[in-house]
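These are my notes on what I looked up, entry by entry. I went through ring contacts, a contact between chains and a few single residues.

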Amino acid sequence: MMINRSSAVSRLLPTLLAGVLMLTVAVGCLSSTPARWEPERKIPFSPDDRAIAYTHHDAVYVARTQGDKHRKVFAAEQGQLISTPHWAPGQRGFLFAVSAGARDQSSSNIGYEVYFWAAPEDIWTDDESSAKSDTVELPERWTPGPTKRLFRAEAMNAVQISADALFEWHPDGQQVIYLDTTAGHQSVRAFDRQYRASRIVSPISNRSLAFSISTDGKYLQVASRDSEATELWFGPLDDLISDWKRIEDRAGPKRVPREEIPIVSPDGEPAWLYDLRPQLAKWSPDSLWLAHMRSVDAEAEPSDDPEPVDVMLTPVDAPDEQRSISFPDDRLNDLHWAPGSARLGFLDGSDLLVIETSTGVQTDLAGALEVERFIGWSKPGDQLAYLLSTEYFDSTNTLLPTGHVVRWAPTDRHNLVVAKHDGTLPKSRFNMMNIEAAQWGNQSAKLSFWATYIPSVSLLPPGDPAAVLDLDKDSIRWYPTDLAEYAHVGHYYLLNGEAGQAIAQYSDALRRVSDTTDDEMPSLARNLHLWRGVAYRTTGDRMSADLDFTNVRENTIVEPEEAASDWDADLLRTLATDRDILSTMISMGYVPIATGYARELADTDSDVRRIQALCYLSLVYDSLGQHNAYTENIVEALLPALLTSPAMPTEGANEMLRWYLERLTDHKNIAQLEDAAKLRHGASLATLAQSNPDHRDGLLRGSSVFHRGAGDIAAETNTLRSIASQD
Amino acid sequence: MASEQECLHAVIMSVTYLHPGSVVLAAVLSIVLAGCATPTTKPDGTFDPEALWRSANHRHNAAVASIHELARLESDYKAIIRLTRDGELRGRAYLRLAELSNASGDDKATRKNLEQALHCGMAPADQRVALLELGFVLDQRLNDYAAARVAYQQLINEHPDSKEAALASLRLQYVTERSEAHDD
């Protein structure tokens, strides 16, 4: 037996052991650090739901929800910030804000300008019959019609622009309500498009401010905060304090996003700009009610522990007659009124609740299932939607010959569920991808959202194409803005078992990649061959799969630190390819395909490729709780291969042996085995110990654990004695 | 078959009849034999530690094996749920998990498994079974009468002509009664 002893590998091993080949997303973890302002990612529908507009990668896009028209309307210059577009009520155009992002030297504020863009008619005249597939064409390099600058204002901080916290349309479609900053305070103003004039529409001003306008446009609500609690006010659009009513002096939740601003506070403490929008009351659809959260103990510091809150219902025509409903903790999110204003839905932690406003009766809409987001009711009111997490399983690891640790763990993938308005007849309508910024259309049963594939085993390049789900037509349309996103649409099909569609998408992306000269295309092309090869494999077309996998191998780049080791470069390239193929198969949910492929590798190779394949089998068996197969694979196949491999470096082999023996002999594994299996594996480890003197003690100790687990005191005693006598 | 006391009564009456003068004898016999005729507790296995031990010992290994088999079964159903794209198969796996958690007395897990099953798009027959069982668990085990009513009503609304719906209608009456009694 030859073992390749390499000091270079021993230096490399700690580094490689630290390299985890997986993107782990901690789901639902609480942090004691304050929340930061987040960029807004909504994909708003036009008033008639026939188009969408969105901001992505520093550009504004517009597209039909049917047909193939997809256009870039505005591209930011270097350093510019853009807000989310806002469709004008009843019109075919939208607003968006642009800022250079720099502070004005005299005012210390961030200037921003609001533009209006009238969409061209062909956005609306194009029809579905021209669409060739579920994926719209990449945006045309199109010179848009001129945008019209409406007004300029100043923000306290640049985050307000990307977070889209500065302006809203008035329902009349002629006025724009917005925040302006003067002398360190924000105020609410209205710009009239007809008269091109601006006026103050609220007597409330403060450093941190947020507002919302009632559905009928008659009232404005303002959240105001300096440093302590948040106050809520509402009144008509004027600046007379006598017309306004304060309905809350300690709005909840207590914890809201904040950003430090360069203002010198009198007490010398940092000055914060708070995002008060989570604390704003929600207007009922008929504008007759406001619903908000009241923090019961306003004096206590925000913490991660649940705090009691009250949900306050305020009748607009009689604000002194507020009603309250108590809750034991403040994890209330995603408040939505049902059409008709008789019911208020929200998340209490992960429970989806509905309150009848007239009686206060609460109903749990999703039972014991843990809801991550409540998207609300459709405008017609006959359906509601929410997100569940798709994956609940324990993470498992495997250690590869190259020192990489591969982990298979749950990630933040969602199941988009649509149910009847009362929560009955829930049905999954979109699955297996991370969904962000989901919202209903303005009239129809359409949902827009960002869909991201988050791998559970291997790293993939980022990409999250926009999508519109039409529930009535049971169809989905994708809106990729570049080739990488175009390729990622294929992941949706592969994840959902539609290999043919996936192959078509990946193939089309490959053709487009070959036509470009972008530096990043070779990497994307390699990955496209990987994904398409996996898709071919799932259809049984091994020849096409192998062609793609060969291409992957030829275009795999060995990392410099790996190339400096004593491993053969071709072997490293092959191992990396095998790793990516197996990881992708598992991550895409084709576990039987992955285990079949791993077995083929193990059968056709006799050395390190075989060992790596057996490591992947151990990962799968461990993750699926197949303890017998897991133990059999390690004791009878992996360890013997490891101990007889001529190519395995000594240090690496020692580390793997220690690693796998530790997990084999864990009581949770031993307890799941039949006694006969324990005895057999104990004997196998003892036999291995005899032929591997360098690892005798470790193997015999492992053997003794199996004997003990089987209750064979005599065998355990003999094994331990033989270790002691040798010592 | 006549009880021992009835036979005894017959003997005493016969003696009295045959020997009218032996009323006193009959009376004494009645008293003595009545005491003897009172049913005595036979020595049976339920209260005998040695017998209990023998019985338990006989069943012990099978029980340990069953516990291991239960863990393997749960693993297999969870693996099916993770591996399949077939909603019906996933739903059936959740139903089986619900049976297992029900058997082990974990009512909350039973509820969760049944609700997960209902989200999978199962065949109508499995849907009916799941809704009926869910209503029962909510009502009888978790005392969540409002949710139980919702589950039974959903079954009635969606599968009105089924036998499960007929049963749900009957149960619904008792849920209301239990709910009102609970409030009282």
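**Entry 1: a buried tryptophan and its partner.** I began with A:Trp283, which I count as buried because its relative accessible area is 12%, under the 20% cut-off that I apply. I kept in mind throughout that this is a predicted model. Looking for a ring partner, I found that A:Trp283 and A:Phe234 form an edge-to-face aromatic pair, with 6.3 Å from centre to centre and 85° between the planes. The two residues come from distant parts of the chain, since A:Phe234 belongs to strand S15 (residues 231–236) of chain A and A:Trp283 to strand S20 (residues 282–283) of chain A, and 49 residues separate them. I then checked the partner as well, and A:Phe234 is buried, with a relative accessible area of 4%.

**Entry 2: the wider set of ring pairs.** I searched the whole structure for aromatic pairs and obtained 24 over all chains. For the pair A:Tyr54 and A:Trp450 I noted ring centres 5.4 Å apart and planes at 85°; the angle is over 60 degrees, so I class the pair as edge-to-face. This pair also links distant parts of the chain, with A:Tyr54 in strand S1 (residues 51–56) of chain A and A:Trp450 in strand S34 (residues 446–452) of chain A, 396 residues apart. I looked up the accessibility of each ring, and A:Tyr54 is buried with a relative accessible area of 0%, while A:Trp450 is buried with 1%. I also followed ring pairs from residue to residue, and they link A:Phe74, A:Trp87, A:Phe94, A:Phe96, A:Tyr115 and A:Trp117 into a cluster.

**Entry 3: charges over rings.** Returning to A:Trp450, I found A:Arg41 over the face of its ring, at 4.4 Å from the ring centre. I recorded a further case in which A:Arg258 lies over the face of A:Trp272, at 3.6 Å from the ring centre.

**Entry 4: where chain A meets chain B.** How many residues does the contact take from chain A and from chain B? I counted 31 residues from chain A and 17 residues from chain B. The area buried between the two chains is about 2,000 Å², and carbon and sulfur atoms give 50% of it. For polar terms I have two salt bridges between chain A and chain B, and one that I wrote down joins A:Glu370 to B:Lys112, with the closest N and O atoms 3.4 Å apart. I also counted eleven residue pairs in polar contact between chain A and chain B, both residues being at pLDDT 80 or more. On the side of chain A that touches chain B, the elements giving two or more residues are strand S29 (383–389) and helix H4 (483–495) of chain A.

**Entry 5: chain B on its own.** I listed the secondary structure of chain B and found eight helices and zero strands. Buried residues make up 33% of its 184 residues. Among the contacts in chain B with a separation of 6 or more, residues 24 or more positions apart account for 43%.

**Entry 6: a histidine in chain A.** I closed with A:His681, which I located in helix H15 (residues 675–691) of chain A. Is A:His681 buried or exposed? A:His681 is buried, with a relative accessible area of 1%. Leaving out residues up to four places away in sequence, I found that A:His681 touches A:Thr631, A:Glu632, A:Val635, A:Glu636 and A:Phe706.

Note on methods:
Residues numbered from 1 in each chain as written. Chains lettered and ligands numbered in written order. Predicted model: local features only at pLDDT ≥ 70, side-chain atom pairs only at ≥ 80, totals over all residues. Heavy atoms only, no water. Phe/Tyr/Trp six-rings, centres within 6.5 Å; stacked < 30°, edge-to-face > 60°. Helix = DSSP H or I, 4+ residues; strand = E, 2+ residues; numbered from the N terminus. Buried < 20%, exposed > 50% of the residue type's maximum accessible area, 1.4 Å probe, protein only. Lys NZ or Arg CZ within 6 Å of the ring centre and 35° of its normal. Contact = heavy atoms within 4.5 Å. Buried area = accessible area lost by both parts, 1.4 Å probe. Salt bridge = Lys/Arg side-chain N within 4 Å of Asp/Glu carboxyl O. Polar contact = N/O pair within 3.5 Å; in protein donor to acceptor, adjacent residues only side chain to side chain.
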